[in-house]
Amino acid sequence: MKEAFINEVKTKFLSTFSTEPMLVFSPGRINIIGEHTDYNGGFVFPAAVDKGIYAAIQKSDSGSSTAIAVDLDSTIEFELDKLKPSKEGSWENYVFGVVAEIQNRNKVVGDFNIIFKGDIPGGAGMSSSAALENSVVFGLNELFNLGLTKTEMILISQKAEHNYVGVNCGIMDQYASMFGIENNALLLDCRTIEAKSYEIDFKDHQLILINTNVKHSLSDSAYNDRRSACESIAKLLEVDTLRDATEADLEKIIDKVTPENYQKALYVIQEIERTQKAAKAIEENDLETLGGLIYASHNGLQHQYKVSCDELDFLVDQAKKNKNILGARMMGGGFGGCTINLIARDEVKAFAESASKAYKTKFDKDCSVYFIELSQGTHLVN
Ligand code: GAF
């Protein structure tokens, strides 16, 4: 699959632009636990995966730049000194945003051509957006010797998402996609942007994803609304982010916030704690405890933070009925996308079949099961 994708973008690049491209692979990510905690300065526990974006890129001498998304059969031509956001939801905003944010750092990018192809299912909550942004910034950094560090690159990707895509995302996705390590998950402290890596080898258990095939749109104001709610509560508490607050602090301002926002802040404080506990459980190879934390995370996302949906809840409930599944929860921004399941290896086939059947009966549509490998972050492939 990987080889086929590389060949496809390379061949298309050669036939379209008549020059050899440089090739970049930028992965999507999973997240074991720690959801909606990144923009609250908290901990997250993601890993880069073996699905991602393949980008072929090279300088252009035609006086303009071109980007082609093979999967969307879409081509855009643009001039670097006239960049502005396209209409909401356009894929080119990820490209324009990254270039504009590089320019904002007084770095000079010349004209370029880029062709993308990917195998991250759209709207699955596996962050195809961060993979796309990172492939562009990484490719341009190499091509024009911009001298950006990986941390600078992910901050550029994040700003592109804020200013061009319109999602005030945290740093988890860009970090995981850029810094991923094979067979490892990263316990990332989003306040310092520093991570500790954990080798993931669950022996007779493994992680699988089940995609509801309900497409979420992060630009939905729901995401930005939650971020603002958290920020306004942090302000009331006179702390920088909810990372610096305790449940006892929150209790003191109970009369000053709506019950809904109180629950959201409580969820964040508890999820940050759960994420740290999950790291300890992994260190101790205590999968029962890890699984319990994962289920508790879903419960909070469903009832307190309110970013789940019927399809996700259904798949988690199916998992709960099966004692061979130690934990399951929705993953990513929410409102659709995948569940992540910690499951006994010899139960995978039977559960995939029974959950798919039950899902079809209940919702009259298919879910999809993904096996993932934890992979290296954004890198050159030739
Ligand atoms: C999306 C965002 F992009 C991340 O920054 C993070 O907030 C996540 O939702 C929820 O944990 O993927």
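Begin with the largest nonpolar core of this predicted model. Select I30, A55, V98, I114 and L188: of the 107 residues in this core, these have the most contacts inside it. Next, colour residues 2-199 together with 376-380 as domain 1, and residues 205-371 as domain 2. Because both domains give residues to the core, the core lies between them.

Remain with L188 and display its surroundings. Leaving aside residues up to four places away in sequence, L188 touches F43, V44, P46, M172, Y175 and A195.

Now turn to the division of the chain. Domain 1 is made up of two segments, 2-199 and 376-380, whereas domain 2 is the single segment 205-371. Taken over C-alpha atoms, the centres of the two domains are separated by 25 Å. To view the contact between them, select the 31 residues that domain 1 contributes and the 38 residues that come from domain 2. On the domain 1 side, select β1 (22-31) and β2 (43-44), each of which supplies at least two of the residues that touch domain 2. Colouring this side of domain 1 by class shows 14 nonpolar, 14 polar and three charged residues.

Finally, select residues 12-59, which UniProt lists, in an unreviewed entry, as "domain: Galactokinase N-terminal". In this span, 12% is helix and 54% is strand. A distance drawn between the end C-alpha atoms of residues 12-59 reads 16 Å.

Methods: Residues are numbered from 1 along each chain as its sequence is written. This is a predicted model: local features need pLDDT of at least 70, side-chain atom pairs count only at pLDDT 80 or more; totals for chains, interfaces and linings use all residues. UniProt positions are given in the numbering used here, feature names are shortened, and annotations may be inferred rather than shown by experiment. Helices (H or I, at least four residues) and strands (E, at least two) are DSSP runs, numbered from the N terminus. A nonpolar core is a set of buried Ala, Val, Leu, Ile, Met, Phe, Trp, Tyr and Cys residues joined through C-beta atoms within 7 Å. A residue is buried if 20 or more other C-beta atoms lie within 10 Å of its own, exposed if 12 or fewer, and partly exposed in between; C-beta atoms are placed from the backbone. Domain bounds come from an automatic or database domain assignment. Two residues are in contact if their C-beta atoms, placed from the backbone, lie within 7 Å. Ala, Val, Leu, Ile, Met, Phe, Trp, Tyr, Cys and Pro count as nonpolar, Asp, Glu, Lys and Arg as charged, and the others, Gly among them, as polar.
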